[in-house]
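Please open the structure in your viewer and keep the selection tool at hand. The tour below moves from one selection to the next and says what is there.

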Amino acid sequence: MRNQCRAGGITLRLSERDVCSKYVSPALSSSGWDLHSQIREEVTLTAGRIIVRGQMTTRGRKKRADYVLYLKPNIPLAVIEVKDESHSASHGMQQALEYAQMLDVPFAFSTNGNTFVLHDRSGGSIVEKEFPPSKFPSPKELWLKYRQWKNLDTVDPAVVEQDYFDDGSDRSPRYYQSLAINRAVERVSQGDNRLLLVMATGTGKTYTAFQIIWRLWRSGRKKRILFLADRNILVDQAKTNDFKPFGGAMTKITNRNIDKSYEIYLSLYQAITGSEIDANIYKLFSPTFFDLIIVDECHRGSATEDSRWRDVLQYFASATQIGLTATPKETKTVSNSEYFGEPIYTYSLRQGIEDGFLAPYKVVRYDLDRDMLGYRPIRDTTDRFGNEVNDRIYRQKDFDRSLVLTERTKLVAKKVTEFLQATDPYSKTIVFCEDQEHAERMRRELININHALVRENHRYVMRITGEDEAGKAELDNFIDPRSRYPVIATTSKLLSTGVDAKTCKLIVLDQTIESMTEFKQTIGRGTRIDEQFDKLFFTIMDFRSATELFADVNFDGDPVQIYEPTIDDPALPPEDEHTTEFPETSPLAGDVVGTEKRLKYYLDDVQVDVLSKREQYLSHDGKLITESLVEYTKKTITQDYRTLRDFLTRWTEADKKQAVIDELAKTGVSLDALRSEVPNGRSFSAFDLLCHVAYGEPAITRRERADRLRERGYFAKYQEPARTVLEALLDKYANEEFDPIENARVLQLKPFDEIGTPVEIVKNVFGGRSGYEIAVRELQDELYRRKA
């Protein structure tokens, strides 16, 4: 075989990377592929799912392709998976096909360097064939077949081959963003004029829209473009961030002023429409002025028959129109797909969490006794304003709409505070309330219970609602991860969509939510990841049974954990809008029904308590499970190592024991969280803890193992100073587990620094690195010897 070489009379087998550099890359170069612009090696496709256990997180395995071949940057054509010579050429084909499907390309190659195997999904009579490296197809050949596969033969190549915007920074589209961009550009080039893209909150819809516009604009296919949104913050964020490269060609329509000299227009739909005919300033443009209209968050109204957005879109009917949303609406009166057509691409919340681009979450669910059992006032009960309370049974949907129980609001504020105090009092938190008046009462209760923190800064808790100018003025500070204040924002609808609060770690639901669209949008406020600020997951605290929507078949992102504390339980899970505003002092501080104001009653002396508790976890494969972390660990380990002997074999064969722990961590087994659940767990070695949990073995503490090793006289075979070094390593093990033993940097610490530098110890005491590693390995083997 070619994939071997000889050194000193010994035959060496080449690694995968050697095969790539010696055989695969040269074969590609010989076939006309540009190594700099058309070939990328070790392409990371996903970030690795974030696995949450207690307050600990770890990343699962990333998906990484050995090669991706491109027509030009971000326009992929093929995937190549490489194996070493000990495997057949087709051994990596299933993995290559998975990546090819992710990238939406028709060609998957597998190779061991000696020969290639092609799986062609483009529709030919021969699906899979083998060929030598000298016959690898050229870029022109694959691009021709790709165009046929996508029905692009008759389209203008200048459009589908148009470059992405690239400013030379490290930012490049993620695989799903490129797929959405390419698919949209291809469909527009084919003449499709109504398109819908569905992408979960936090996955970069605005950036995706920018690249679509950029490529269509630069290619000359679309010359005048309108970007519509319904929130000012969405338009401003786009103009300042993603759309900034348009520079002087771009304007934002403000103050109902129209300047027709620009090419890229950004606007609130409220800025160009109105209830009066004179307010519909979009008609100052001719119906054919715009070539392309992008409607962001299109679920919020553009697809409704009587919506003013619909009037705008119908007026510019000749333009290509693309709807963007995380939550398409399909109801009796609203249909995104009826207007835009079926989505040309969907990237779901579930997929975003699985890929590690979106934050997973836990749920702390409270069922309150008055919510679940109902409350009926006794005869002649009056509220604080002297109003006689209607005699009927009030249930969860009534509270804070028609009946306010002051003790209920206090209880919610108390549980929110307990959670923050148990985790981080400065975690950005959004509390969703029934209306703006409820948001104000919640603000007050949170201030009273957090009085010490409020004294530090009065902005610790702020109401941020549509009619609160002081609160809205703090919105930028709330979503800025570098700004500590405000910490807690109480709101009703204002923050439920479009607000990019990347570091929000706690979402509190004290609002009745029955719409799946609204639920997904609300949950989406926490799904963004910000590793710089330690935001890798978030918690949903539910006081209104809204998380029952997780069971709906239309929901696509299960929670990591659901926890329902009883009255005596801590808020922390175990390890293992706009409405009409009335002042609270008014007896008419209630909902508006038609033209009548519905009375809202206030009762201050009705006790409210927590009723129930339940725990659920999300496994590493995205399935909801109900067992404890101990049970989950046992099941996970015994799936891979059926018997204790199997586990012992893997442990003994591992050059470094930490590698075994890392493998388990990627499946969701957190050693730190497990130690918190097992009595005295922090005194056991990882080996003993795992054997105890998975196979029922008696647990032995690290100190006991160290003492038994000394009693056997193990160190007698060593001379000084090697004996002193190894005994000191054993002391480190007894106190700190095996990581200090396996990490040579421990030799920089006391008492080793009294013997010499790490280099001197390794070289002079053990005869070099290999001698030191052998001594450490033997020490570990003796520690875990079964007869110990």
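What follows is a walk through a predicted model, with a few stops at rings, charges and surface residues.

Begin with the aromatic side chains, since the structure holds 45 aromatic pairs. Select Phe 243 and Phe 246, whose rings meet edge-to-face, with 5.7 Å from centre to centre and 65° between the planes; both of these residues are buried. Next, select Tyr 262, Tyr 265, Tyr 282, Phe 285, Phe 289, Phe 290, Tyr 315 and Phe 316 together, and you will have one aromatic cluster on display. Keep Phe 289 in view and add Arg 224, whose charged end sits over the ring of Phe 289, 4.4 Å from its centre. A further example is found at Tyr 207, where the charged end of Arg 171 sits over the ring at 3.7 Å from the centre.

Now compare two lysines. Lys 252 is found in strand E13, which covers residues 250-252, and with a relative accessibility of 18% it counts as buried; its side chain is joined to that of Asp 236 by a polar contact of 2.7 Å. Lys 140, in helix H3 (residues 139-149), counts as exposed at 72% relative accessibility.

Move on to helix H12, which spans residues 369-373 and includes Leu 373. Leu 373 is exposed, with a relative accessible area of 61%, and together with Met 372 and Leu 611 it forms a nonpolar patch on the surface, with about 280 Å² of accessible area in total.

From there, select Asp 371 and Arg 408, which form a salt bridge with the closest N and O atoms 2.9 Å apart. Asp 371 lies in helix H12 and Arg 408 in helix H13 (residues 406-422), so this pair ties together parts that are 37 residues apart in sequence. Which residues belong to the network of salt bridges that is linked with Asp 371? Among them are Arg 408, Arg 401, Glu 434 and Lys 600. Within this group, Glu 434 and Arg 401 meet in a salt bridge of 3.1 Å, N to O; Glu 434 is buried, with a relative accessible area of 7%, whereas Arg 401 counts as partly exposed at 31%.

For the last stop, select Lys 717 and Glu 778, which form a salt bridge with the closest N and O atoms 3.9 Å apart. Lys 717 counts as exposed at 51% relative accessibility, and Glu 778 as partly exposed at 35%.

Note on methods: Residues are numbered from 1 along each chain as its sequence is written. This is a predicted model: local features need pLDDT of at least 70, side-chain atom pairs count only at pLDDT 80 or more; totals for chains, interfaces and linings use all residues. Side-chain values use heavy atoms; hydrogens and water are left out. Rings of Phe, Tyr and Trp (its six-membered ring) pair if their centres lie within 6.5 Å; planes under 30 degrees apart count as stacked, over 60 as edge-to-face and the rest as tilted. Buried means under 20% relative accessible area, exposed over 50%, partly exposed in between (1.4 Å probe, protein chains only). A charge sits over a ring if NZ of Lys or CZ of Arg is within 6 Å of the ring centre and within 35 degrees of the ring normal. Patches are made of residues with over 30% relative accessible area and no salt bridge: like charges are joined within 9 Å, nonpolar side chains (Val, Leu, Ile, Met, Phe, Trp, Tyr) within 5 Å. Accessible areas come from the Shrake-Rupley method with a 1.4 Å probe; for residues, only the protein chains shown count as cover. A salt bridge is a side-chain nitrogen of Lys or Arg within 4 Å of a carboxyl oxygen of Asp or Glu. Helices (H or I, at least four residues) and strands (E, at least two) are DSSP runs, numbered from the N terminus. A polar contact is a pair of N or O atoms within 3.5 Å; within protein, one must be able to donate a hydrogen and the other to accept it, and residues adjacent in sequence count only if both atoms are side-chain atoms.
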